[in-house]
Amino acid sequence: MAAIVTVTLNPSVDRSASVKYITPDDKLPCTDGRIDPGGGGLNICRGLKTLGGSGEAIYTSGGPVGQMLSSLLDQLDIPHRPQLIQEWTRENFVILEEVSGKEYRFNLPGPTLKPAEWQSILDLVRSMQPSPSFIVGSGSLAAGVPTDFFRQLGLIAAERGSHYILDTSGEALVEALKSPLYLIKPNLRELRNLSGKPLEHAEEQEAAAASLVADGSCKFVVLSLGAAGALLVGKDLKQHFRSPTVPLRSTVGAGDSMVAGILLRLQQGTSITEAVAYGVACGAAAVATPGTGFGSKDFVERLYEQVRQGL
């Protein structure tokens with residue numbers, strides 16, 4: 001049994017490639033094509049694998065695309081438990097235009113889950129033996145899944161004595177804050193939505209994150225600030241982390257890579273401050289890696305030293 005279990009309701013097969021320039025009507029020759037498992041929890045498990053750790057992925061899988069997704073996870077030697085659904089798993093496309101350096105993302109519609117399909121995910125987590133150390137809810141909810149799904153998952157995590165980490169947005173995040181949460185990782189837009197305030201200044205961002213901790217919504221908030229790094233807030237704890245300067249090649253999966261780094265170090269018993277510093281390095285490594293790939297472990301370690309020096 002993996003100590004880290006991720007739950008993904010709307011996974012995908014992610015295809016990425018590069019093209020010199022994008023124009024209408026022409027047939028555009030692409031290079032650097034690759035196919036990867038996608039979706040929050042699956043990306044986290046991929047990141048853990050890259051870093052020398054391990055996480056078990058629970059996810060929905062439907063049709064030939066779902067079969068391809070499971071095959072990709074097998075090839076990566078990632079432990080996984082697909083929960084079969086009737087409709088097909090979705091595909092996403094990421095195209096890098098080389099001339100401009102701009103990245104274009106195309107997300108196809110995903111499946112609509114039946115009540116028995118999303119309920120089977122909760123039942124599986126509830127029955128896992130022994131209890132995972134960490135349960136991670138990540139990514140968007142598929143159509144047909146109630147907005148309080150992640151709250152229900154959080155209540156199960158509390159029953160099991162597992163630390164519950166969540167990386168989602170919108171109403172799903174609002175509802176989930178009603179359950180016991182160990183850590184959430186909003187970006188600035190998501191924190192603004194939660195607070196209902198513009199949060200233009202660092203002091204306001206700190207106060208908004210601190211209010212979530214003070215009212216018992218979660219133990220820690222890790223506010224992702226993109227190229228500006230991250231802010232960690234807990235009880236009597238506020239720490240800014242500067243992100244290393246890296247070439248911008250792709251932002252796909254950077255947030256999931258950050259969560260993977262945090263999880264790995266928490267599982268290894270480090271402090272939350274060290275874990276978030278490592279997570280920031282992982283996010284930067286992903287940004288510097290084309291497509292939906294993650295940076296190498298050696299690259300992450302070099303960036304981690306830079307983050308630590310900036311504390």
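Student: Which residues does Glu190 touch, not counting residues up to four places away in sequence?
Tutor: Keep in mind that this is a predicted model. Glu190 is found in helix 6. Leave out everything up to four places away in sequence, and what Glu190 touches is Thr168, Ser169 and Lys185.

Student: Is Glu190 buried or exposed?
Tutor: The cut-off for buried is under 20% relative accessible area. Glu190 has a relative accessible area of 10%, so Glu190 is buried.

Student: Where around the axis of helix 6 do its buried residues sit?
Tutor: In helix 6, which runs over residues 188–195, the buried ones are Leu188, Glu190 and Leu191. They cover an arc of only 160° around the axis, so they sit on the same side of helix 6.

Student: And what do the buried residues of helix 6 pack against?
Tutor: Leu188, Glu190 and Leu191 are the ones to follow here. Their packing partners are helix 7 (202–214) and strand 11 (220–224).

Student: Which residue caps the N-terminal end of helix 6?
Tutor: Look for a side-chain oxygen lying 3.2 Å from the backbone nitrogen of Arg189. At the other side of the story, just after helix 6, Gly196 takes a positive phi of about 75°. The N-terminal cap itself is Asn187.

Student: Which residues lie nearest the centre of the largest pocket?
Tutor: The largest pocket holds about 1100 Å³ of space. Its lining takes in 42 residues. Among the elements giving two or more residues to that lining are helix 1 (40–50), helix 6 and helix 8 (254–267). Nearest the centre you find Arg105, Thr251, Gly253, Ala254 and Gly255.

Student: How many charged residues are in the lining of the largest pocket?
Tutor: Sort the lining by class: 11 residues are nonpolar and 23 are polar. The charged ones number 8.

Student: What is the volume of the largest cavity?
Tutor: The structure holds 1 cavity of 30 Å³ or more. Its lining includes Gly47, Leu51, Cys282 and Phe294. The volume comes to about 50 Å³.

Student: Which helix gives the largest share of the lining of the largest cavity?
Tutor: Helix 1 and helix 9 each supply at least two residues of that lining. By class, the lining has 6 nonpolar, 4 polar and no charged residues. The largest share is 3 residues, and the helix that gives it is helix 9.

Student: Which backbone oxygen does the side chain of Arg46 reach?
Tutor: Arg46 is in helix 1. At 6% relative accessibility, Arg46 counts as buried. Its side chain comes to 3.1 Å from its target, the backbone oxygen of Pro37.

Student: What separation do the C-alpha atoms of Arg46 and Ala260 have?
Tutor: Along the chain, Arg46 and Ala260 are 214 residues apart. In space, though, their C-alpha atoms are separated by 8.4 Å.

Student: Does Thr6 count as buried or exposed, by its relative accessibility?
Tutor: Thr6 has its place in strand 1, residues 4–8. Leaving aside neighbours within four places in sequence, its contacts include Gly41, Ile44, Glu56 and Val136. Relative accessibility is 0%, so Thr6 counts as buried.

Conventions
Residues are numbered from 1 along each chain as its sequence is written. This is a predicted model: local features need pLDDT of at least 70, side-chain atom pairs count only at pLDDT 80 or more; totals for chains, interfaces and linings use all residues. Side-chain values use heavy atoms; hydrogens and water are left out. Buried means under 20% relative accessible area, exposed over 50%, partly exposed in between (1.4 Å probe, protein chains only). Helices (H or I, at least four residues) and strands (E, at least two) are DSSP runs, numbered from the N terminus. The arc is that of the directions from the helix axis to the C-beta atoms. Contact means heavy atoms within 4.5 Å. A polar contact is a pair of N or O atoms within 3.5 Å; within protein, one must be able to donate a hydrogen and the other to accept it, and residues adjacent in sequence count only if both atoms are side-chain atoms. On a 1 Å grid over the protein atoms alone, a cavity is a set of points where a 1.4 Å probe fits but cannot get out, and a pocket is an open set with protein on both sides within 12 Å along at least five of seven lines; lining residues have an atom within 4 Å of a point. Grid points are joined across faces, edges and corners, and a volume is the space filled by probe spheres set on the points. Ala, Val, Leu, Ile, Met, Phe, Trp, Tyr, Cys and Pro count as nonpolar, Asp, Glu, Lys and Arg as charged, and the others, Gly among them, as polar.
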